[in-house]
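Please open the structure in your viewer and keep the sequence panel visible beside it. The tour below proceeds by selections, each followed by a short account of what is to be found there.

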Amino acid sequence: MHIIDIDFFSDMSPYARFWSTQMGHRPHLLECVQCPECKKDLRRTYLDYEKYVLSEGILPDVIYGGFSVNEKFRNAWVKSGLKGIADFLPLSLYQRRNKRYVKVKQPYYQVVVNVPHLKVDLRKSGLINDDMIVARNGDKVVLPEGTRSWIYWECPVCGYVERTFSPYNHKSFWVQWRFPENLKYDGTTDDDIFTFTNAFNGIKCGMSGNRYYFVSDQFIEFIKENQLTNMYAFTPEEFRTIYVNNPTKRYTPIYTDPTIAGMDH
C-alpha cells in the first residue's frame, strides 16, 4: 500500500504545477456524493473550470493541486484493467507563460475516484484508545457528575467522526487523524486506488476534499511500466514519520524521465 497526497508538490521539480483557477457560471461537471445519514461529503464536487492554470514548466502526465492527468495516462489506464477510477472529466487547461495564459492543446482530465465504501477501524488502528468514549450520532451520553471527557461521535452509516468536550458542549471539532502504526480497515476492496469514508480523506471537514488516496502495488507498477511522470506515492512509513513532520524533504517520483534534468533527488 502507498499513499498519494493530491495537494503535494515539489518546488524542485521542472514540471508545471497548479497556479490558479478562473471560474465561470457553468454547472458542475459532477455533484458531490453525500452520506445519507450525516450529510458529509464522501466524494467532492467536480467543478467545470473556465480556466485551470498551470505555472511555467514542462507539462507532466500527472498534475497536483487536485488530481488531473493527460491523455497518455487515461489511455494507459483504460488498457490496464486496473480498478478504482470512475471517470475522467475534461479540463480546460491553460499555462502561464510570460504573464499570459496560453491554452494547452493536449487534453487533460480530472480524475474521479470511486465513491469510498471502506472504513478505517479506529480502535484496531490505534486512532482511538480503549478508554475513549465513542458514541453514535444521536445517542445520549451520561458522564459521572463532575467529570468531563472528549466524546467521539461516529456516524452509524459512513463512520465519519467528530468530537466534543463533554456532552454539554455542542461545538463539534473535526478530527485530524495521524497515520497509525498499523492501519486496519473494515471490509475488502479490489480497487487499485481508493479512499476511506472516515479518515485521512479531507482538508477541512474530514473528508470534503478526498485529499489522500491509497494505491496498490499494481498501481505503482502501472506508473513505472507506462513511464508516467510526476506521480509521487509514499509508503506508510514515509507518510507517518517523514512527510507529516518534514514536508520540505525532497522526494523522487515513481518514474523519473532520464531526459529531464533537475529532478528531485
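**First stop: the nonpolar core.** Select F73, W177, F200 and M231, which have the most contacts inside the largest nonpolar core, a set of 53 residues. The model is a predicted one. To see which elements build this core, colour β1 (2-5), α1 (71-80), β8 (85-91), β11 (108-113), β18 (193-194), β19 (212-215) and α2 (217-225), since each of these gives two or more residues to it. A separate core of 9 residues lies apart from it; Y52, L54, L91 and V104 are among its members.

Now return to M231 and display its surroundings. Which residues does M231 touch, leaving aside those up to four places away in sequence? They are I4, V62, Y64, F67, F73, F219, I223, P253 and I254.

**Second stop: helix α1.** Select F73, A76 and W77, the buried residues of α1. The three span an arc of only 100° around the axis, which places them on the same side of the helix α1. An α-helix has 3.6 residues a turn, so residues three or four places apart point the same way. Next, add V78 and K79: these are exposed, on the other side of α1. To find what covers the buried residues of α1, show β6 (62-63), β7 (68-70), β8, β18 and α2, which are included in that cover. Before leaving, step to G81, just after α1, where phi is positive, at about 80°.

**Third stop: a sheet of three strands.** Select β1, β19 and β18 in that order; these 3 strands make up an open sheet with antiparallel pairing. At its edges stand β1 and β18, each with a single partner strand, so one side of each has no neighbour in the sheet. The antiparallel pairing of β1 with β19 runs over 4 bridges. Within it, look for I3, which stands opposite F214 in β19.

Stay in strand β19 and select Y213. Is Y213 buried or exposed? Its relative accessibility is 3%, and Y213 therefore counts as buried. Displaying the contacts of Y213 brings up H2, I3, I4, I6, Y46, F67, V113, I193, F194 and T195, where residues up to four places away in sequence are not counted. For T195, a distance may be drawn as well: its C-alpha atom is 5.2 Å from that of Y213, although the two residues are 18 apart along the chain.

**Fourth stop: helix α2.** Move to E221, which lies in helix α2. With a relative accessibility of 37%, E221 counts as partly exposed. Select Y255 together with E221: the two are 34 residues apart along the chain, and their C-alpha atoms are separated by 9.7 Å.

**Fifth stop: a sheet of four strands.** Select the open sheet of 4 strands whose order is β2-β5-β9-β10 and whose pairing is mixed. The edge positions belong to β2 (18-22) and β10 (100-103); each has a single partner strand, so one side of each is left without a neighbour in the sheet. Viewed along the sheet, neighbouring strands are turned against each other by 35° on average, direction ignored. At the β2 edge, the partner is strand β5 (residues 51-54), joined to β2 in the antiparallel sense over 4 bridges. Centre on F18 to see L54 of β5 standing opposite.

**Sixth stop: strands β13, β14 and β15.** Begin with strand β13 (residues 133-136) and strand β14 (residues 150-154), which pair in the parallel sense over 4 bridges. Then add strand β15 (residues 161-165), which pairs with β14 in the antiparallel sense over 5 bridges. W153 is a useful residue to centre on: W153 is the bridge partner of A135, and in β15 the bridge partner of W153 is E162. Follow the chain from β14 to β15, which form a hairpin with 6 residues between them. In the turn, G159 has a positive phi of about 85°.

**Last stop: the cysteines.** How many disulfides does a search of the whole structure find? The search finds 0. Select C38 and C158: C38 is in no disulfide, and the nearest cysteine sulfur, that of C158, lies 3.7 Å away. Finally, select C32, which is partly exposed, with a relative accessible area of 25%.

Terms used. Residues numbered from 1 in each chain as written. Predicted model: local features only at pLDDT ≥ 70, side-chain atom pairs only at ≥ 80, totals over all residues. Heavy atoms only, no water. Pairing = 2+ DSSP bridges. Core = buried A, V, L, I, M, F, W, Y, C linked by side-chain atoms within 4.5 Å. Buried < 20%, exposed > 50% of the residue type's maximum accessible area, 1.4 Å probe, protein only. Contact = heavy atoms within 4.5 Å. Axes fitted to C-alpha atoms, helices over the stretch in contact; angles between N-to-C directions. Disulfide = S-S within 2.5 Å. Arc of directions from axis to C-beta.
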